[in-house]
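User: Please take a close look at the salt bridges in this model. I would like to know which side chains pair up, where they sit and how exposed they are.

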Amino acid sequence: EIGLQSTKGEGSVFTVTLPALSSPPPVKDSSTRGDESRDALSGQPPTASASDPPSDAGVPGAAVHLLLVDDNPQSRDLFPLLLGEIDPRFVVDVAATAEDALAQTATTHYDGFVVDISLATETNGVELMHELKAAPIHANTPMLACTAHALPGDKERLLNEGFDAYL
């Protein structure tokens, strides 16, 4: 449910109500402590290890292992939950920085990357995408640019940089 309350000259209030999830997907969050994995809602360790062998994403019914790179903690919490509601086969690990993401790719195979463009670190999302694609193992891995950059030409610029999709 989405609601809006607006008073001219005073401002607007937007509300979004989402249903509670019965069993959220596991999230590996490198922004907390070390390489510790946790369930997105309960904080408990997931039942499957985030460093399991590469998924078989092309096989119907197989898990799809994604890495979300976003410096916003709310996005790192919300994205895996929403994606898990769409399809429970999605397993989403999260990283707060480009450096964390690169460290995770050294030990875990990913079927795709969702990258925030404006990371609050030295390395931005475009630079991270180029660094990931430079590694032969990730050269053909789908990369989704996730950004608030929505000016005319932003989508085309990011796709021309090498991202496969834009959100």
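**Salt bridges in the chain**

Analyst: This is a predicted model, and some context on the chain comes before the pairs. The accessible surface of the chain comes to about 9,600 Å², and carbon and sulfur atoms account for 56% of that area. Of the 167 residues in the chain, 38% are buried. The secondary structure consists of 4 helices and 9 strands. Read from the N terminus, the order of elements is β-β-β-β-β-α-β-α-β-α-β-α-β. Among contacts with a separation of 6 or more, 56% join residues that are 24 or more positions apart.

The count of salt bridges in the chain is 3. They are taken here one at a time.

One pair is Lys133 with Asp164, where N and O are 3.6 Å apart. Lys133 belongs to helix α3, which covers residues 125-134, while Asp164 sits in the loop between α4 (154-161) and β9 (165-166). The two residues are 31 residues apart in sequence, so this salt bridge ties together separate parts of the chain. Lys133 is partly exposed, at 21% relative accessible area. With buried set at under 20%, the value of 21% for Lys133 falls in the partly exposed class. Asp164 is also partly exposed, with a relative accessibility of 47%. Exposed would require over 50%, and Asp164 at 47% therefore counts as partly exposed.

Another pair lies within helix α4, and joins Arg157 to Asp154. The closest N and O atoms of this pair are 4.0 Å apart. The salt-bridge rule asks for a nitrogen within 4 Å of a carboxyl oxygen, and the Arg157 and Asp154 pair is counted at 4.0 Å. Because Arg157 and Asp154 are 3 residues apart in helix α4, about one helical turn separates them. The two partners fall into separate exposure classes: Asp154 is buried, with a relative accessible area of 11%, whereas Arg157 is partly exposed at 36%.

The remaining pair is Asp87 with Arg89, whose closest N and O atoms are 2.4 Å apart. Here Asp87 is buried, with a relative accessible area of 16%. Its partner Arg89 is partly exposed, at 36% relative accessibility.

To put the exposure values side by side, the acidic residues Asp87 and Asp154 are buried, at 16% and 11%. Their partners Arg89 and Arg157 are partly exposed. In the pair of Lys133 and Asp164, Lys133 is partly exposed and Asp164 is partly exposed as well.

Definitions and conventions
Residues numbered from 1 in each chain as written. Predicted model: local features only at pLDDT ≥ 70, side-chain atom pairs only at ≥ 80, totals over all residues. Heavy atoms only, no water. Buried < 20%, exposed > 50% of the residue type's maximum accessible area, 1.4 Å probe, protein only. Contact = heavy atoms within 4.5 Å. Areas by Shrake-Rupley, 256 points an atom, 1.4 Å probe, with all protein chains shown as cover. Salt bridge = Lys/Arg side-chain N within 4 Å of Asp/Glu carboxyl O.
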